[in-house]
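Here is a short report on one protein chain. It covers the overall make-up, a small sheet, the salt bridges and the nonpolar cores.

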Amino acid sequence: SAGETARVQALCRRCNFAIYKVSDCGDSNDRELIHRLGLHFGLVHLDDNLRSDEDAITSLSVKEQAGNQYIPYTNKPLSWHTDGYYNDTGRQIHGWALYCVRQAADGGENQLMDHEMLYLMMRDEDPCMVEALMQPDAMTIPANREDGDEIRPDHSGPVFSVTPSGYLHMRYSARKRNIVWKEDAATTRARDFITALFRDTSAPIYTYRLQPGEGVVSNNILHRRNAFTDGDTADRKRLVWRARFYDRIDDSTTRVTE
């Protein structure tokens, strides 16, 4: 409805994400739902990434993987990150949407943090840390190779940048491996500040376990996922659909689409 649309837009203007719930999840286990949701909020240009399905929507569930093993398709905890941090400059992810089809038997909670809040806290602590993370070579993701073939080349870029429209964008991963940080004092201090903030119980981090029929729309905020345990039956095996977009959420007051 118009009221629900306005509420989601207001939340995204305020904190860059919103949790939504469809009215009847029994009729909403259709992958087209996440396409329609994206279009409704101006999320049009999908990122067709390595493990996505034919429609560019990714089914996040425990599955057998040929070649490189990727944590999102296991039941292991997923560390703090923004989506597509390894993408090249012209394919940066500015928005994403999740939709929970089925919960795990136990666990799988998401933690969410507005990247603008982290930026403000870091700037208040020491503006030099922000400047360090805006360097064009602040964080490098080494090439991704599988069976000797290069799937993706090295990519260096800033952690914080500003879009042509004036919005703050962040690319980040808390992974210990396959991340190369610039070796200077300010960058190291900034990286340590972020790590400590995630451990601070007073930090503005929101924890939520998505129920079936619920999801998140986001301007690519920081997020992570707890480990989970699947049940023995199909209806107790976690399945979340994820769509990544090159667009931000349209948070204007006019409705995007009917």
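## Overall make-up

The chain's secondary structure comprises five helices and 18 strands. The model is predicted. Of the chain's 258 residues, 50% count as buried. The accessible surface is about 12900 Å², and carbon and sulfur atoms hold 49% of that area. Take the contacts between residues at least 6 apart in sequence: 77% of them join residues at least 24 apart.

## A three-stranded sheet

One open sheet has three strands, in the order β10-β7-β13. The pairing is antiparallel. Strands β10 (155–157) and β13 (180–181) stand at the edges. Each has a single partner strand, so one side of each lacks a neighbour in the sheet. Strand β7 covers residues 139–141 and is joined to β13 by two bridges. Which residue of β13 is the bridge partner of Thr140? The partner is Val180.

## Salt bridges

Side chains of opposite charge can pair when their charged atoms come close. The count here comes to four salt bridges. Three of them are listed below, including the N to O distance for each pair.

| Pair | N to O distance |
|---|---|
| Asp47 and Arg91 | 2.9 Å |
| Arg244 and Asp83 | 3.0 Å |
| Asp126 and Arg189 | 2.8 Å |

Start with the salt bridge between Asp47 and Arg91. Asp47 lies in the loop between α2 (32–40) and β2 (58–60), and Arg91 in the loop between β3 (78–81) and β4 (95–102). The two residues are 44 apart in sequence, so the pair ties together separate parts of the chain. Is Asp47 buried or exposed? Asp47 has 0% relative accessibility, so Asp47 counts as buried. Arg91 is at 30% and counts as partly exposed.

Next comes the salt bridge between Arg244 and Asp83. Arg244 sits in strand β18 (residues 239–245), while Asp83 is in the loop between β3 and β4. This pair therefore ties together parts that are 161 residues apart in sequence. Both Arg244 and Asp83 are buried.

In the third listed pair, Asp126 forms a salt bridge with Arg189. Asp126 is in the loop between α3 (115–125) and α4 (127–133). Arg189 belongs to helix α5 (residues 185–199). The pair links distant parts of the chain, 63 residues apart. Arg189 counts as partly exposed, because its relative accessibility is 37%.

## Nonpolar cores

Which residues touch the most other members of the largest nonpolar core? They are Leu118 and Met122, in a core of 26 residues. The elements that give this core two or more residues are α3, α4, β7, β12 (168–170) and α5. Helix α5 supplies the largest share, five residues.

Now look at Met122, setting aside its neighbours within four places in sequence. Met122 is in contact with Pro127, Met129, Val130 and Leu133, and also with Phe160, Ala190, Phe193 and Ile194. Apart from this core lies another, of 21 residues. Among its members are Leu11, Ala18, Val22 and Leu239.

## Elements that recur

Some elements appear in several of these features. Strand β7 pairs within the open sheet and gives residues to the largest nonpolar core. Helix α5 holds Arg189 and gives that core five residues. The loop between β3 and β4 carries Arg91 and also Asp83.

Conventions
Residues numbered from 1 in each chain as written. Predicted model: local features only at pLDDT ≥ 70, side-chain atom pairs only at ≥ 80, totals over all residues. Heavy atoms only, no water. Pairing = 2+ DSSP bridges. Helix = DSSP H or I, 4+ residues; strand = E, 2+ residues; numbered from the N terminus. Salt bridge = Lys/Arg side-chain N within 4 Å of Asp/Glu carboxyl O. Buried < 20%, exposed > 50% of the residue type's maximum accessible area, 1.4 Å probe, protein only. Core = buried A, V, L, I, M, F, W, Y, C linked by side-chain atoms within 4.5 Å. Contact = heavy atoms within 4.5 Å. Areas by Shrake-Rupley, 256 points an atom, 1.4 Å probe, with all protein chains shown as cover.
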